[in-house]
Amino acid sequence: MPELPEVETVRRGLEAALVGARFSRVEQRRPDLRFPFPERFAARLENRTVTSLGRRAKYLVADLSSGEVLVMHLGMSGRFLVRKEGRSSMPGEFHREHGGESAHDHVVFHVSNGATVTYNDARRFGFMDLVPRSELETCRHFAGMGIEPLGHELSGTAIARLFRDRRTPLKAALLDQRLIAGLGNIYVCEALFRAGLRPQAPACSLASASGRPTRKALRLAAAIRDVLEEAVAAGGSTLRDHAQVDGTLGYFQHAFRVYDREGGPCVTPGCTGQVARIVQAGRSTFYCPRCQR
Ligand SMILES: [Zn+2]
């Protein structure tokens, strides 16, 4: 499942091919992916210019000159292949296996700048939708969605406000998409480790009685941002080095400090702890019982 940093890397990789350009032709090769395509999908895209390409949680959001927004989700196995001037790239392949047969090329965007952008999705859990720009925030994809973890909204103050009345474990609160959107299990484990916070602690322990952020909340906000930005940067380096886009696992996976390291030594200098694994709400949590308190 692509995590948020991967989607952000895909966004950056697609930006050069799409923004400012027009869809000259769109091939839609099946009626549905996870959901049916919207009516007249190709016709509503053709001859429209992409004015910007953004991201909200794990969705790509392309603004069109028609006033509609093309919303795209990669699901479990979705990927884009960009071909331009005889070169090809596949942005964002940094912790999934490679291997996209052309039988799974479901949408081909022919772009006025000469690029071809192909959407390949073997398992078809991804989807595409068209939504009027004015209804984007209230549409079924984004209504009730929490704040963006890689934007300016996430701060110690925001965490204190969101968590102050919640007695659920910190780990569960961080995975709650209604509070913070798009933060996956790996990055939650890594951020809690960097902030030195125990995953089982009640979420409300990050706010003072008056609702102000504690030092822990400030540390957590910084740790979330750092871990996501490093992962995006690692994806970017994969993007530049096509030799890595061959099925080998990406760089960032080797940089995990606790995730998937059960029994391994804690990497905190001077800490003699071992990474432990527990299960919270059906998901594995990895943490150091010594330095996460
Ligand atoms: Zn430790």
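**Close-up views of a predicted model**

**View 1. Helix 5 is mostly covered, with 10 of its 11 residues buried.** Helix 5 spans residues 185–195 in this predicted model. Its buried residues are Asn185, Ile186, Tyr187, Val188, Cys189, Glu190, Ala191, Leu192, Phe193 and Ala195. Glycine 196 comes just after helix 5 and takes a positive phi of about 70°.

**View 2. Four cysteines hold the zinc ion as its protein donors.** The donor atoms are the SG atoms of Cys266, Cys271, Cys288 and Cys291, lying 2.2 to 2.3 Å from the zinc ion. Along the chain, these donors follow the spacing C-x4-C-x16-C-x2-C. The 4 donor atoms subtend angles of 104 to 121° around the zinc ion, so the arrangement is tetrahedral; the angles for that class must all lie between 85 and 135 degrees. Two of the donor residues can be set side by side for their exposure. Cysteine 288 is buried, with a relative accessible area of 0%, whereas cysteine 291 is partly exposed, with a relative accessible area of 24%. Cysteine 288 is called buried because its value is under the 20% cut-off.

**View 3. An open sheet of 4 strands is paired in the antiparallel sense.** The strand order is 2-3-4-9. Strand 2 (50–56) and strand 9 (127–132) are at the edges and have a single partner strand each, so one side of each is left without a neighbour in the sheet. From one strand to the next, the twist averages 20°. Helix 1 (residues 4–18) packs on the sheet and touches strand 2 and strand 3 (59–64). The direction of helix 1 makes about 175° with that of strand 2.

**View 4. Strand 4 and strand 9 pair over 6 bridges.** Strand 4 covers residues 68–73, and its pairing with strand 9 is antiparallel. Leucine 70 stands opposite leucine 130, which belongs to strand 9.

**View 5. Strand 7 is mostly covered and pairs with strand 1.** Strand 7 is made of residues 105–111, and 7 of its 7 residues are buried. Strand 1 (residues 23–28) runs antiparallel to strand 7, and 5 bridges join the two. Phenylalanine 23 has valine 111 in strand 7 as its bridge partner.

**View 6. Strand 7 and strand 8 form a hairpin.** Strand 8 (residues 116–121) is joined to strand 7 by 5 bridges, and the two run antiparallel. Aspartate 105 stands opposite asparagine 120 in strand 8. There are 4 residues between the two strands of the hairpin, and glycine 114 in the turn has a positive phi of about 95°.

Terms used: Residues are numbered from 1 along each chain as its sequence is written. This is a predicted model: local features need pLDDT of at least 70, side-chain atom pairs count only at pLDDT 80 or more; totals for chains, interfaces and linings use all residues. Side-chain values use heavy atoms; hydrogens and water are left out. Two strands pair if DSSP finds at least two bridges between them. Axes are lines fitted to C-alpha atoms, for helices over the stretch in contact, and angles run from 0 to 180 degrees between N-to-C directions. Contact means heavy atoms within 4.5 Å. Buried means under 20% relative accessible area, exposed over 50%, partly exposed in between (1.4 Å probe, protein chains only). Donors are N, O and S atoms within 2.8 Å of the metal (3.2 Å for Na, K and Ca); water is not among the atoms, so sites may look incomplete. Four donors count as tetrahedral if all angles lie between 85 and 135 degrees; four count as square planar and six as octahedral if opposite donors are over 155 degrees apart and all others between 65 and 115; anything else is irregular.
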